[in-house]
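Here are some notes for a colleague opening this structure for the first time. Please keep the viewer at hand and follow along at your own pace.

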Amino acid sequence: MSLQLGVDRTSPVPLYFQLSQQLEAAIEHGTLTPGSLLGNEIDLAGRLGLSRPTVRQAIQSLVDKGLLVRRRGVGTQVVHSQVKRPLALSSLYDDLEAAGQRPATRVLTNAVEPATAEVAAALGVAEGSDVHLIERLRYAHGEPMAQLRNHLPAGLLPLDDERLESTGLYRMMRAAGITLHSARQSVGARAATADEAVLLGEEDGAPLLTMERTTFDDTGRAVEFGSHVYRASRYAFEFQLLVRS
């Protein structure tokens with residue numbers, strides 16, 4: 001591992017935390033790529049002039065965050081960093097691509113179905129009228145990150161599997177001349193169902209983040225109702241809070 005690591009012994013910040021922050025930054029910035037091995041704790045401690053318990057504590061804090069994993073017979077290995085997504089009117093595909101996460105998509109459902117009461121209310125259409133459902137599994141670095149369900153007004157735009165797997169839904173909307181203007185969104189959490197756990201590579205009952213969003217174009221028309229679940233172990237929403245004077 002050819003990282004430039006160091007600690008400031010005059011700082012009030014604990015040494016283990018200084019080391020863990022440097023390692024976390026290296027993972028987030030791609031200096032330490034998924035699959036990289038950290039090497040022996042004893043060697044790392046000797047190189048930095050730290051005690052082995054200090055190094056172990058730093059590594060354990062990153063294991064607890066899901067950034068590192070200890071594998072018997074292999075050592076301590078970097079896993080995929082957690083995706084931190086701002087709460088903005090953007091697509092997961094674009095956010096992952098901007099973060100260098102190499103997004104990929106598998107289409108699970110692409111069909112027209114009758115609108116339920118919930119979907120009809122969100123899209124402003126009659127209950128039972130035709131709406132388009134697309135359900136996708138979104139990957140980053142080949143690892144499942146989220147299960148996405150989107151309902152759109154029928155006939156809004158062409159939605160073939162090939163395009164849905166090669167780009168983001170909002171890009172397709174913009175290419176079709178739809179101007180996205182605003183959205184109403186709620187974020188929550190719940191336990192994974194058995195089917196969701198299988199799709200997302202989690203344990204049954206693992207924590208998932210949820211997001212529901214209704215998106216409107218510049219005429220005020222609802223163009224999309226999304227109901228998504230994300231792996232809490234790999235995903236987080238970021239909020240920017242401003243002080244109100």
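The numbered points below go through a helix, a hairpin, a sheet and a pocket.

1. Before anything else, please bear in mind that this is a predicted model.

2. A good place to begin is helix α1, which covers residues 15–28. With 14 residues at 1.5 Å a residue, α1 should span 20 Å, and its end C-alpha atoms are 20 Å apart, so the expected and modelled lengths agree. Just look past the end of the helix to find Gly30, which follows α1 and has a positive phi, near 85 degrees.

3. Which residues of α1 are buried? They are Gln18, Leu19, Ser20, Leu23, Glu24, Ala26 and Ile27. It helps to recall that an α-helix has 3.6 residues a turn, so residues three or four places apart point the same way.

4. Next comes a hairpin. Strand β1 (residues 68–71) and strand β2 (residues 75–78) run antiparallel and are joined by 4 bridges. One pair to look for is Arg71 with its bridge partner in β2, Gly75. Between the two strands there are 3 residues, and in this hairpin Gly73 takes a positive phi near 85 degrees.

5. Now turn to the open sheet, where 6 strands follow the order β4-β5-β6-β9-β8-β7 with antiparallel pairing. Why do β4 (103–114) and β7 (180–191) each have one side without a neighbour in the sheet? Both stand at the edges and have a single partner strand, so that side is left unpaired. From one strand to the next, the twist averages 15 degrees.

6. Within this sheet, strand β6 (residues 143–153) meets strand β9 (residues 222–231) in antiparallel fashion, through 6 bridges. Asn150 is a handy marker here, as its bridge partner in β9 is Gly226.

7. Arg138 deserves a stop of its own. This residue lies in strand β5 (residues 130–140). Is Arg138 buried or exposed? Its relative accessible area is 2%, and the cut-off for buried is under 20%, so Arg138 counts as buried. The side chain of Arg138 also makes a polar contact with the side chain of Thr105, at 2.8 Å.

8. Finally, have a look at the second largest pocket, with a volume of about 210 Å³. It is lined by 16 residues, and those closest to its centre are Glu118, Arg149, Glu212, Ser227 and His228. Elements that each supply at least two lining residues are α5 (117–123), β6, β8 (207–217) and β9. Strand β9 gives the largest share of this lining, 4 residues.

Note on methods. Residues are numbered from 1 along each chain as its sequence is written. This is a predicted model: local features need pLDDT of at least 70, side-chain atom pairs count only at pLDDT 80 or more; totals for chains, interfaces and linings use all residues. Side-chain values use heavy atoms; hydrogens and water are left out. Two strands pair if DSSP finds at least two bridges between them. Axes are lines fitted to C-alpha atoms, for helices over the stretch in contact, and angles run from 0 to 180 degrees between N-to-C directions. Buried means under 20% relative accessible area, exposed over 50%, partly exposed in between (1.4 Å probe, protein chains only). A polar contact is a pair of N or O atoms within 3.5 Å; within protein, one must be able to donate a hydrogen and the other to accept it, and residues adjacent in sequence count only if both atoms are side-chain atoms. The expected span of a helix is 1.5 Å times one less than its number of residues. On a 1 Å grid over the protein atoms alone, a cavity is a set of points where a 1.4 Å probe fits but cannot get out, and a pocket is an open set with protein on both sides within 12 Å along at least five of seven lines; lining residues have an atom within 4 Å of a point. Grid points are joined across faces, edges and corners, and a volume is the space filled by probe spheres set on the points.
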